[in-house]
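Student: I have a model open and would like to question it piece by piece. Can we go through it together?

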Amino acid sequence: MMKFIQSSGQVGTFRTAQVLSPKGPLQDCTFFTRKEILRLHGRYHEMAPNVVPMDYTKDPDVKLPMQLIINMPELKENPFKERIVESFSEDGEGSLSFNDFVDMFSVLSEMAPRELKAIYAFKIYDLEKTLNKLTREELTAEEITLVCEKVIEEADMDGDGKLGFADFENMISKAPDFLSTFHIRI
Amino acid sequence: MSQPPSITLHVPEGSESDGQEPSPDNERALHTSFHQLILEQSSLIEAGLELELQERSRDACAMAWPEPGQDEEHPSCSPASLQILANMPSRTIGHNLGAIISQYCNRTARLRCRSRRPPLQQLSRTARPSLRQYDLETDPARATLEEKRGLLVKELLSLPPSQSSHMLLTMPLTLAEKRILRRQLSGQRGPLRQHAHHWAPFSPCGWSKVCVGLGCRGLWYRFLSMLRAAQPWHYALKQIGGRFGSSVLSYFLFLKTLLMLNFFSFFILLAFVVVLQAVYPPASVSRPPFTGLELLTGAGYFTHSLLYYGYYNNVTLNDPCSSTPKGTVCPLAAPPLPYNLPLAYLFSVGVSFLVTCILLVYGVSRSFRESVGSSVGDLAIKVFCAWDFKVIQRRSVKLQCENICTQLKELLVERRSRSHPQSHCQCLGHCVVMLLAWGLALGSVSGCVLAVHYLLEHMHMVQQEQQVQDSGRWQQEAILLVLPLVVSLLNALMPHFFNLLAMWEKQDSPVTQVYVAIIRNLILKTMVLMLLCYQWLSRSVICSTEECWETCVGQDLYRFMVMDFTFTLLDTLFGELIWRLILEKRLKTKQRPEFDVARNVLELIYGQTLTWLGILFAPLLPAVQMLKLLLLFYIKKTSLMRNCQSPSKPWQASRMSTIFITLLCFPSFLGAAAFLSYTIWSVQPSETCGPFRGLETIYESGKRWVLVLEKSNPTITWFASVYQHLLENTSLLFLMSVALIAVIYFNIQVVRGRQRVICLLQEQLANEGEDKVFLMQKLQSIYEQSHRRS
């Protein structure tokens, strides 16, 4: 048996085996340890205690909608929260099952390698919308155009006028801070 | 969508003869392969992938910024060419499960075939590698997901287990998919393991080895997970990062690093020197009673304690020969192990410095690797990598948005000004101002150093007068505090003066401002410390009247450390708390003081330098420093949370962390190591106290030990001769420096070669892009021709 303490202060207990389902141990597919996965399960559960079961041995098909997930304190103020949750949801609509939830925080943890983070960052970022979200729309339209032009000028390697994944990854490899900024602590 | 268009390409005849080998210049071969590709692609149109087309083109276009130039090139992209564009591997990354699986299958196959990769000279003759990616994608026979999955599992099985699990972890698949793959992997690996167990009982040796191996691995994983869970201050650091971002967080991480370094030094000295001396104390000396002032001055009650060099004995503990009279043979019948305390003292200090050196060099090389990057692509990096996802508080998020907005505007202005450079007049004016500012800064530093010098002499005279007059203990000890007080005061006030200079100077880029501030502060602290070190070693002014001068120097360093801590506390109190109250109540602004990371980190480095300088004279100084750092962490954190706001200046966290740890390694640690080496090699220890009393230099104890070894055991003369020829010969040092320079030169050349390869590859990429555009245009024109004909 293992105890975990919810952030509300209540103490819950459940069997450790319940989190591991016959599909294979969860912790070998993510960058988290078993203890951290149990802690994540606690966080997932407290978002909707009536819907999320404690028992995961039967691998229940439970998905939490986007509105609940983006109210988490780690994501609440992030301007990219909808894009993040959409990129990790299997159905593309933004509802996350527990697998997707763990996957999201695993990729955003500090143990994930640069290439994996670059792939998901590419999914999340869209050039024009990114600029608007970053600056809370305080740049004028002319400045946005100028910045977009300069960004594509700097980063476009094959000259097709678009930023493909290869260009993005090349740019990320030159940014030493990417690993530390694209990181959410949970 | 009706029947596929029939495509014929009119290819001009090549001029080469048929007997030659095919090369990339042979256009016919290339066009044939593309001809096949186009046929395959057009067959896919019939397979009814229109739905995917719509989804893909939406996603593909979402990633690109539609440029006006682009529309002119492709005025009317036909659905077929759009589909081909959308199906390209570079566009399908992360969108289609099948595409990801096939891509990683190819990657795994390439990993396996790495040993069979053709050598570099033949690389120009191979076909373009991007073509190989099409094999799995467009081959209709392998279209099902299950078959692709099976292929991937097969490829993963051929890799070693650790590599395959690492590969699985780094794939951008959903977790459910990964679990299915892992289940299949373990299912297929399981029978092999059972097979292994079949033969195990026949060899009990092998079975026990397997058991032991598995047990050890389990223990190791448990230890690793405990280590991660036992990380101190995890929640505190999350709080700080969440509100203030990576820049302020780097200060606290640096503090943690220093704590760890001090812990190692302290542990080595504690285990080998302090504990043993505590267990076998020397002849008791009368100690003055404990008053509170000792905590500040380090004198009085603390003078004859474990804290300082003077307390330590120069005896060999448990020496079997000590109890027999001279002239008789030493009985060697089962004695308890003798322990040479002076030797232990010398070697512990040396080993702790060596361990610190190794840890620092490792830290520097690791941060260098992470932070080396070019300045080209600043704007793109700022747009995509500047957002700190760790920040979660509303006000800090708003501040971060404002930050990034300001930085983008600044970069745009800089780009514009780069295209319009300054006039000569302005340049000249700027140069003059800069020279003046630097002249003022260096002048003030020299003024400070001279002031400290004259103060030293004055204090010395006052001390002598006091000794003659035989004034009270309080007065005598209070006088000792004047010098540390003045030095700390200078260290606290001069940075503000340098800030004023910087405001007058008005540097172009804020990053240069930070660098210049750091350099000026560093010069001030280095000069003052060098003067003090010279005075300590020459004993002309400080500690000239003391018999046990090492204890005196240790006490001086203790006083400096305590005064430095006091001034840091006062600076936090006045600079942050009281300043915030003034801003809020008097000036009624919402602004709060900012946490000056560079200045605080330099103060930490200064404190650590003092510790390293004093390790030989006060072995418990690392413990004092650890206590100081612990208190500092909590005090700074509390003050930060209550009084400060996020920094408004731009900050490159990883580059700054590299600079800080390099500063810790080079001026600070190297200087302390040089000071220590000089003390050990050339300075005569005092006659009446300490573990090296009576010797000419501290190093002589090591030399004597080697001679004793030689005499006692003739078989290890090789060790003594090695010691004599290697360590005492200066030509070894010369050879080592030559070797080091050669290694550095080699690394520089390797880096240059790699940069040249990167340039060549970038050119190749640009050419590929042009080829792609050309082919798309040709495809488009062919499609239009066939459309017109039909």
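What follows is a set of questions and answers on this predicted model.

Student: How many helices and strands does chain A have?
Tutor: From the N terminus on, the elements of chain A run β-β-α-β-α-α-β-α-α-α-α-α-α. Counted by type, that gives nine helices and four strands.

Student: What share of the residues in chain A is buried?
Tutor: Buried here means under 20% relative accessible area. Chain A has 186 residues, and the buried part of them is 59%.

Student: What share of the contacts in chain A joins residues 24 or more positions apart?
Tutor: Take the contacts in chain A with a separation of 6 or more. Those between residues 24 or more positions apart account for 57%.

Student: How much area do chain B and chain A bury between them?
Tutor: The contact takes 75 residues from chain A and 68 residues from chain B. Of the buried area, 63% is on carbon and sulfur atoms. The total is about 7,200 Å².

Student: Which residues form the salt bridge across the interface of chain B and chain A?
Tutor: The rule finds one salt bridge across this interface. Its closest N and O atoms are 3.1 Å apart. The partners are E77(A) and R394(B).

Student: Which helix of chain B gives the most to the side that touches chain A?
Tutor: Eight elements each supply at least two residues to that side, including helix 14 (341–371), helix 24 (653–682) and helix 27 (730–789) of chain B. The top contribution is 11 residues. It comes from helix 16 of chain B.

Student: How do the residues on that side of chain B divide into nonpolar, polar and charged?
Tutor: Here the side of chain B that touches chain A is sorted by residue type. The split is 33 nonpolar, 16 polar and 19 charged.

Student: Within what arc do the buried residues of helix 8 of chain A fall?
Tutor: F165(A), D167(A), F168(A), M171(A) and I172(A) are buried in helix 8 (residues 165–174) of chain A. Seen down the axis, they line one face of the helix, because they fall within an arc of 160°.

Student: Which helix of chain B do those buried residues pack against?
Tutor: Within chain A, the buried residues of helix 8 pack against helix 5 (114–124), helix 7 (141–155) and helix 9 (178–181). They also pack against an element of chain B, namely helix 15.

Student: Is S109(A) buried or exposed?
Tutor: S109(A) sits in the loop between helix 4 (98–107) and helix 5 of chain A. Leaving out residues up to four places away in sequence, S109(A) touches F31(A), F32(A), K117(A), H183(A) and I184(A). Its relative accessible area is 6%, so S109(A) is buried.

Student: How far apart are the closest N and O atoms of R43(A) and E46(A)?
Tutor: Both residues lie in helix 1 (residues 34–47) of chain A, three residues apart, about one turn of the helix. E46(A) is partly exposed, with a relative accessible area of 25%. R43(A) and E46(A) form a salt bridge, and the distance is 3.5 Å.

Student: Which residues are linked with R599(B) in a network of salt bridges?
Tutor: R599(B) and E603(B) meet in a salt bridge at 3.9 Å, N to O. They are four residues apart in helix 22 (residues 597–614) of chain B. Both are buried. The network links R599(B) with D571(B), D596(B) and E603(B).

Student: Is R788(B) buried or exposed?
Tutor: R788(B) forms a salt bridge with E784(B), the closest N and O atoms being 4.0 Å apart. E784(B) is partly exposed, at 29% relative accessible area. For R788(B) the value is 64%, so R788(B) is exposed.

Note on methods
Residues numbered from 1 in each chain as written. Chains lettered and ligands numbered in written order. Predicted model: local features only at pLDDT ≥ 70, side-chain atom pairs only at ≥ 80, totals over all residues. Heavy atoms only, no water. Contact = heavy atoms within 4.5 Å. Buried area = accessible area lost by both parts, 1.4 Å probe. Salt bridge = Lys/Arg side-chain N within 4 Å of Asp/Glu carboxyl O. Nonpolar A, V, L, I, M, F, W, Y, C, P; charged D, E, K, R; others polar. Buried < 20%, exposed > 50% of the residue type's maximum accessible area, 1.4 Å probe, protein only. Arc of directions from axis to C-beta.
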